[in-house]
Amino acid sequence: MQKITNIRMSGLGGQGVVTAAHILGAAATAQGYESTVNPFFGAEKRLAPAESYVRISTQYIFERGEILSPNIIMIFHPHVITMGKCYTMPFFDGLQQNGIILINSEEAIAFDQSHIDQLTQLRAKVYYIPATKTAFEVGGTELSTNMAMLGGLLFITKLVDEENFEKALTERFGAGKFVASATTAALDDAVKDKYSEISTLIQKNMEVVRAAAANVWLHNHE
């Protein structure tokens, strides 16, 4: 892993963007890395823009707050791009050279030519994954979209291993009450309600994570 990896997650309220960031950060910590997680959202309501920022490093992390120059951008919903439901415009603003973009969509999105030109200059790699479809087909609920997105990320980057990811997932849902905002806590409860037992929740969501690897593809927008 490079010295520090900066990840910006952009999605809509109700997709578990904040939860995904916390689980990824916890998994990185379990693996022995330093990590920081910072959520950012306006009105806490479904389908409103939501962002989270995750820093993972082999050394102590001094920065906090918004990530302006990410190595990786994760787009949890196509409307972040197609309808501008994003706090960062364009959606890839600040992406570092040779950066990675992972988009939840069942098909490639038509980018503006100016965006294609900029991404080409950055030598960015744009990956797609049908995360919501994978979540529903494997996990039985679209509430596991965030797990499919993280599964895709781990397949592409190998940031953390499966064992430590599962530890983080168990810590989030099975090891007592996680302190979160009212909306995030409600979303956690909604996920738990989808399964009869916490062990089933962990099992099914890990299946989603593993299935995601088979559904990622690299797309050339040139």
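In this predicted model, helices H5 and H8 (residues 198-213) pack with their axes 7 Å apart and at an angle of about 45 degrees. H5 is therefore oblique to H8, since an angle that is neither under 35 degrees, nor over 145, nor from 65 to 115 falls in that class. The crossing in which H5 passes H8 is right-handed. On the H5 side, the residues that meet H8 are Met147, Ala148, Gly151, Gly152 and Phe155. Their counterparts in H8 are Asn205, Val208, Val209, Ala212 and Ala213.

It helps to set this pair of helices in the whole chain. The chain holds eight helices and seven strands, and 49% of its 222 residues count as buried. Taking contacts between residues at least 6 apart in sequence, 75% join residues at least 24 apart.

The nonpolar interior comes next. The largest nonpolar core has 42 residues, and those with the most contacts inside it are Ile7, Met9, Leu24, Met74, Leu150, Leu153 and Phe165. Apart from this core lies another, of 19 residues, including Leu12, Ile73, Cys86 and Ile101. Met74, one of the residues with the most contacts inside the 42-residue core, offers a handy view of its surroundings. Once neighbours within four places in sequence are left aside, Met74 is in contact with Ile7, Arg8, Met9 and Ser10, and also with Leu102, Met149, Leu150 and Leu153.

Gln15 makes a pleasant case for a closer look at a polar side chain. Gln15 sits in the loop between strand S1 (4-12) and helix H1 (17-30). Its relative accessible area is 11%, so Gln15 counts as buried, the limit for that class being under 20%. The side chain of Gln15 has a polar atom 3.0 Å from the backbone nitrogen of Leu12. A polar atom of the Gln15 side chain also lies 2.8 Å from the backbone oxygen of Phe76.

Several loops carry backbone geometry worth a glance. Most residues other than glycine have a negative phi, and most peptide bonds are trans. Against that background, the peptide bond joining Met89 and Pro90 is cis, with omega about -10 degrees. Pro90 belongs to the loop between helix H2 (79-82) and strand S5 (100-104). Arg123, which is not a glycine, has a positive phi, near 60 degrees. This arginine, Arg123, is placed in the loop between helix H3 (113-122) and strand S6 (125-129), and its relative accessibility of 59% makes it exposed. Lys158 also is not a glycine, and its phi is positive at about 55 degrees. The loop holding Lys158 runs between helix H5 (145-157) and helix H6 (162-174). With a relative accessible area of 58%, Lys158 is exposed.

The last stop returns to the approach to H8. Glu197 is found in the loop between helix H7 (182-193) and H8. At 48% relative accessibility, Glu197 counts as partly exposed, because the exposed class requires a value over 50%. The side chains of Glu197 and Ser199 are joined by a polar contact of 3.3 Å. From C-alpha to C-alpha, Glu197 and Gly174 are 9.6 Å apart in space, while 23 residues separate their positions in sequence.

Notes: Residues numbered from 1 in each chain as written. Predicted model: local features only at pLDDT ≥ 70, side-chain atom pairs only at ≥ 80, totals over all residues. Heavy atoms only, no water. Core = buried A, V, L, I, M, F, W, Y, C linked by side-chain atoms within 4.5 Å. Buried < 20%, exposed > 50% of the residue type's maximum accessible area, 1.4 Å probe, protein only. Contact = heavy atoms within 4.5 Å. Helix = DSSP H or I, 4+ residues; strand = E, 2+ residues; numbered from the N terminus. Polar contact = N/O pair within 3.5 Å; in protein donor to acceptor, adjacent residues only side chain to side chain. Axes fitted to C-alpha atoms, helices over the stretch in contact; angles between N-to-C directions. Left-handed = near helix turned anticlockwise from the far one by under 90°.
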